[in-house]
Structures are given as structure tokens and as C-alpha cells.
Amino acid sequence: MHEILHERIAERPLLGDWAALLDYLRADLAHRRVEQVRLLHLDAGNRLIRDELLSEGTVDGAPLPVREVVASCLELGSAALILVHNHPSGDPQPSKADIAITRALAAVCRQIGIVVHDHLIIGAAGHVSLRARGDLA
């Protein structure tokens, strides 16, 4: 199932088929027992370059090291990025720390020409987009 959902997002611009992207992410992340931070690296046409597992943590946290994100983006030649992580509790509401690190990372990326389109939090009860909430300008 995961492979089929991946194929739906692999060949076309991700921002043009948000529903397919959310289906793919929910299938993989919504019911995990530990937090994972994923980076969806995009090219200039917003097509997926790589879905990268950046870190895996515990039931209530996983690191999002800005330095490693930037290094990975530069190595892959990413033009844009969508951050994703899950909340094993099922509640996708962001913490203050989620919002703060997202803003800090977006500011650094902006300085080097990488667009952070969104930070999605996935939980069994649904998803939250930090951009839609107004937490990512």
C-alpha cells in the first residue's frame, strides 16, 4: 500500500495533489509508536527528490537539527522542503517547540534560497499544517 501511495506522489508536483501527499504520510506515520522527523526534498518544480528520514525519537519527541537539515538540502540540491513529523499520541496539535523550531529552520533556509512550504504534523486523529495555521509565514 505504501508503495502505491508513493507512486502517486513521485512523478508530479506535490503541492498540486495535497490529498495524495496526506494519504501517503498518514499511511506511513499516523500509527507509529515513536516520533519520526521526515524531510520531503523538492526540486524547482516541487516534485519529490527524496523522502528522507531525518531522525527517530521517543513517544514524545524527536530531534530536528537545523544543521543536518541544511546539509541534506545542499547535498541534494533541494529548492524547497516540506517538514513532516508524527505525534504518537494521536493528537496532531503542534507544541510551542514545534512552532519555534519550524520558524527558526524556515528563516535559515530562506537565507540560502530554500523554500520551506510547510511543516505537517501527522497523528491518528488527523493532521495539522503549520502554514495553514499561520505559524509559518
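Start at one rung of the sheet: Gln36 of strand 1 has Glu56 as its bridge partner in strand 2. This is a predicted model, so here's a quick word on confidence before going further. The mean pLDDT of the protein is 89, and 89% of its residues reach 70 or more. Among the elements, strand 4 (residues 115-123) has the highest mean pLDDT, at 97, while helix 1 (residues 2-10) has the lowest, at 54. Where pLDDT is low, the predicted coordinates shouldn't be read in detail.

**The sheet**

Back to that Gln36–Glu56 rung. Strand 1 (residues 36-42) and strand 2 (residues 48-56) run antiparallel and are joined by 7 bridges. The two strands make a hairpin with 5 residues between them, and in that hairpin Asn46 takes a positive phi near 60°.

Strand 1 also pairs with strand 3 (residues 80-86), again in the antiparallel sense, this time over 6 bridges. One rung to look for here is Arg38, whose bridge partner in strand 3 is Val84.

Further along, strand 4 and strand 5 form a hairpin with 2 residues between them. They pair in the antiparallel sense over 4 bridges, and Ile121 stands opposite Val128 of strand 5.

Here are those three pairings side by side:

| Strands | Sense | Bridges |
|---|---|---|
| Strand 1 and strand 2 | antiparallel | 7 bridges |
| Strand 1 and strand 3 | antiparallel | 6 bridges |
| Strand 4 and strand 5 | antiparallel | 4 bridges |

Now for the whole sheet. It is open, built from 5 strands in the order 2-1-3-4-5, and its pairing is mixed. Strand 2 and strand 5 (126-129) are at the edges with a single partner strand each, so one side of each has no neighbour in the sheet. From one strand to the next, the twist averages 20°.

**The helices**

Helix 4 (residues 96-111) is the one to follow next. Helix 4 lies across strand 3 and strand 4, and runs at about 155° to strand 4.

Helix 4 also meets helix 3 (residues 66-76): their axes come within 10 Å and cross at roughly 40°. The two helices are therefore oblique to each other, and helix 3 passes helix 4 in a right-handed crossing. On the helix 3 side, the contact is made by Val66, Val69 and Val70, and on the helix 4 side by Ile101, Leu105 and Val108. What kinds of residue make up this contact of helix 3 with helix 4? The split is 6 nonpolar, no polar and no charged.

Key:
Residues numbered from 1 in each chain as written. Predicted model: local features only at pLDDT ≥ 70, side-chain atom pairs only at ≥ 80, totals over all residues. Heavy atoms only, no water. Axes fitted to C-alpha atoms, helices over the stretch in contact; angles between N-to-C directions. Parallel < 35°, antiparallel > 145°, perpendicular 65-115°, else oblique. Left-handed = near helix turned anticlockwise from the far one by under 90°. Contact = heavy atoms within 4.5 Å. Nonpolar A, V, L, I, M, F, W, Y, C, P; charged D, E, K, R; others polar. pLDDT = per-residue confidence, 0-100. Pairing = 2+ DSSP bridges.
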